[in-house]
Amino acid sequence: MASIKNLKKDINYTLGDIISICQVCAQLNPEADKAKADAIVDEVIVTFDDLITKVNAKDVADKKAHYKAVNAELEAKANALLEQVNSL
């Protein structure tokens, strides 16, 4: 991990891109259920808040391992969210 700043950027860009993909998918498929797309966007926002809270945690014993775990969690949740978007 290069820096905390880059981890925060990764979180922001990755989850922001998922929101963009979800919105484009909803616009291109007007017959799709808009409530499902909105639910995915809400889940992305909750995930963003959760990950940023974990990055900003001050009482961490092993910071390097903690940030690697946050990065792994970002990747896992982003993949799960993309699977939900693909199912729209």
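Helices here are DSSP runs of at least four residues, numbered from the N terminus. In this predicted model, Leu 28 is found in helix 1. With a relative accessibility of 65%, Leu 28 counts as exposed, because the cut-off for that class is over 50%. A look along the chain from this residue gives a helpful sense of scale: Leu 28 and Val 60 are separated by 32 residues in sequence, and their C-alpha atoms lie 44 Å apart in space.

The pairing of helix 1 with helix 3 comes next. The axes of helix 1 (residues 4-28) and helix 3 (residues 63-86) come within 11 Å and cross at roughly 5 degrees. Helix 1 is therefore roughly parallel to helix 3, since angles under 35 degrees fall in that class. The residues of this contact divide into 15 nonpolar, 2 polar and 1 charged. On the helix 1 side, the participants include Ile 4, Leu 7, Asp 10, Ile 11, Thr 14 and Leu 15, together with Ile 18, Ile 21, Cys 22 and Cys 25. Helix 3 contributes Tyr 67, Val 70, Asn 71 and Leu 74, as well as Ala 78, Leu 81, Leu 82 and Val 85.

Two of the residues just named, Cys 22 and Cys 25, deserve a closer look. A disulfide is a covalent bond between the sulfur atoms of two cysteines. The count in this model comes to 0 disulfides. For Cys 22, the nearest cysteine sulfur is that of Cys 25, at 6.7 Å, and Cys 22 is in no disulfide; the cut-off for such a pair is within 2.5 Å. Cys 25 is likewise in no disulfide, its nearest cysteine sulfur being that of Cys 22. Cys 22 is buried, as its relative accessible area is 1%, and Cys 25 is also buried, with a value of 16%.

Helix 2 (residues 34-55) can be viewed through Thr 47, which lies in it. Thr 47 has a relative accessible area of 7% and so is buried, the limit being under 20%. Apart from neighbours within four places in sequence, Thr 47 is in contact with Leu 15, Lys 77 and Leu 81. Two of these partners, Leu 15 and Leu 81, also appear among the residues where helix 1 meets helix 3.

Finally, His 66 is found in helix 3. At 18% relative accessibility, His 66 counts as buried. Beyond its neighbours within four places in sequence, His 66 is in contact with Lys 54, Ala 57 and Val 60.

Notes
Residues numbered from 1 in each chain as written. Predicted model: local features only at pLDDT ≥ 70, side-chain atom pairs only at ≥ 80, totals over all residues. Heavy atoms only, no water. Helix = DSSP H or I, 4+ residues; strand = E, 2+ residues; numbered from the N terminus. Buried < 20%, exposed > 50% of the residue type's maximum accessible area, 1.4 Å probe, protein only. Contact = heavy atoms within 4.5 Å. Axes fitted to C-alpha atoms, helices over the stretch in contact; angles between N-to-C directions. Parallel < 35°, antiparallel > 145°, perpendicular 65-115°, else oblique. Nonpolar A, V, L, I, M, F, W, Y, C, P; charged D, E, K, R; others polar.
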